[in-house]
Structure formats: C-alpha cells, structure tokens
Amino acid sequence: MIFDSHTHLFGPGMVSGPSDQAIKRAWGPDMNIEATPAQHRENIKGLRGSIVLAFAGHATGMVVPNEYVADYCRTDPDRLFGFASVDPNRPDCVDAFETAIRELKLCGLKLGPIYQNFYPDAQAHFALYAKAQELDVPILWHQGTSFVPEGYLDASRPAMLDPIARAFPRLKMIVAHMGHPWVDECISLVRKHPNLYMDLSALGGRPWQFYNALVSALEYGVQDKILFGSDFPFFTTRQTIESLMRINDLVEGTKLPRVPDTVVEAIIHRPTPELLGLVP
C-alpha cells in the first residue's frame, strides 16, 4: 500500500501576495494553485493515505489554516494525517501549536523558513521544537529553495537543522524535497541523526537532479530514510510514482550506476505512518 507523505490543500484565497505573484511568474499569468478536498480525495484514491499539510506562511502569502486541514482529515481519519502549522515569529506559536495537536487532533508540524522568514537555528524558536518533542509529533520542514523572492534563502539550508537535531534527539523530523538544491547536505544531515528522514517530493520534475539524489543516497547508505511524497497539487501522486519508476531512463546505455529496482519499490511502499509514529 502506497502512502503519500507530502500533500497540500489550497482553498480560495490561501495563496496570495508574493507567493501568488511568484507562481504566476514561474508558470504563467493564468496559473492558480488549487487543491480542494474533493481533488485531494481523488488524488489519493486507492492509496493507503497521506499526510495533509497546513501552512502558516503569512510572510509570503501562503496560509492554509489548521482548522481547514483538520476538518478535511476528520472525514477519513484512518487515511488522512493532518500536520498543523504555526508562525514561529508570533509569540503565541507554542500555545497555538499545542492547541492544534490536542484539540484539533492534528498529528505533526509543518515549517518552512523560506516562506515564513525565520532562522530555524535561532534559540528563540527552540521552545516550539521542545513542545513537538514533548507531544511526540514529527516536524516536516521545507528546508530548501523556493521561487518566492521575499523568502529567506539563507535560512533554508538543511544544515540549519543540525543544532535542532542535536538538542532534541527524540524529535522526528523530515526534510522535504531532499533539501534541493542542497541534496548532499540534506543526505549528510539525515545520515548523522537517527530520527531524521527526507522526502523526495517535487524532484520528479528535475530528472537529472532526481537521479543524482538517489544515487548519492545509495552511496551514503541512507536510501531507507527516503520517504515517498508527491507535493500534490504541484505534482500528483501518480506522476511521482511514474517518475520514480523511470529513474534510470537517463542512464540507459551508459556506464553510470543504476538505482536498483528493489530500492525504488521500497521507497514507493515505505511504511511512513509507522516510521513517524502516526499509528501504533
């Protein structure tokens, strides 16, 4: 059974300002990001389930409320695992996060420094990570680049998470998109810490980077720490599966190493809910 570890909902008005402008620059003026509950439900049809991400990206105009995600996840609680999001720059963020976990029954935290404009290694934010460890819920980080000019690129490198992992060794964390373009930095970070993982969402659109990322993970021996994820609606789950199945197409007829079929199958069928403690 396939589980998608990285999906979004985007209702009306949830992508605005700098993020909306950047999306239109990247994909054309008619591009509007939308991911309704009905569209999400269709995307995961036949799958074991997925993580669904809220997002408090007020600094760049990407805001998906915790309540919106929680309401949707309650429609299929055995398959949908909602991750809350709070703005680390706000003084009430720890209380808001705890409320989302205890009262809204969300089961993780989504953070993205390049969308939220904060430096994750700043001590001011460690109380939020301490609360995640106390509540025993994972953090999924967008710790990589983005197309939004207003975002803090220098806050987005995977190595920024190393002090957090050292301070909170029981805290499970996932680095989205394998930290692209700093993939090897992400791999080094994940290899270093037993409770860190990475997902391959959104890499299918960059076949050469995708191939090299998986080969590098194999060389470092961390292929078992790669979680399957799509980044829906930017990519569908089916598109991501197909991209992963075609990972060796670029090197056919060459002496470059192949990604073994067994590794591909293991990623696609990885038991993410159990690894992250989302289910017993």
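This briefing looks at strand S9 with its neighbours, and then at the enclosed space in the model. The structure is a predicted model, so please read the details below in that light. Strand S9 spans residues 196–199 and pairs with S8 as well as with S10. Elsewhere, the cavity count comes to 1 at a threshold of 30 Å³ or more.

**Strand S9 and its two faces**
- Side chains in a regular strand point alternately to one face of the sheet and the other.
- In S9, Leu-196 and Met-198 lie on one side, while Tyr-197 and Asp-199 lie on the other.
- These four residues are all buried, so both faces of S9 are covered.

**Pairing with S8 and S10**
- Strand S8 (residues 173–175) runs parallel to S9, and 3 bridges join them.
- Val-175 has Met-198 of S9 as its bridge partner.
- Strand S10 (residues 226–227) also runs parallel to S9, joined to it by 2 bridges.
- Met-198 has Ile-226 as its bridge partner in S10.

**Crossovers**
- S8, helix H8 (residues 183–192) and S9 form a β-α-β unit that is right-handed.
- From S9, the chain passes through helix H9 (residues 207–220) to reach S10, in a β-α-β crossover that is right-handed.

**The cavity**
- A probe the size of a water molecule, rolled over the atoms, reveals where empty space remains.
- The largest cavity has a volume of about 50 Å³.
- Its lining includes Ala-132, Gln-133, Asp-136, Val-137 and Pro-138, and also Arg-170, Leu-171, Lys-172, Leu-276 and Gly-277.
- Sorted by class, the lining of the largest cavity holds 5 nonpolar, 2 polar and 3 charged residues.

Notes:
Residues are numbered from 1 along each chain as its sequence is written. This is a predicted model: local features need pLDDT of at least 70, side-chain atom pairs count only at pLDDT 80 or more; totals for chains, interfaces and linings use all residues. Side-chain values use heavy atoms; hydrogens and water are left out. Buried means under 20% relative accessible area, exposed over 50%, partly exposed in between (1.4 Å probe, protein chains only). Two strands pair if DSSP finds at least two bridges between them. A crossover is right-handed if, with the strands pointing away from the viewer, the path from the first strand over the helix to the second runs clockwise. On a 1 Å grid over the protein atoms alone, a cavity is a set of points where a 1.4 Å probe fits but cannot get out, and a pocket is an open set with protein on both sides within 12 Å along at least five of seven lines; lining residues have an atom within 4 Å of a point. Grid points are joined across faces, edges and corners, and a volume is the space filled by probe spheres set on the points. Ala, Val, Leu, Ile, Met, Phe, Trp, Tyr, Cys and Pro count as nonpolar, Asp, Glu, Lys and Arg as charged, and the others, Gly among them, as polar.
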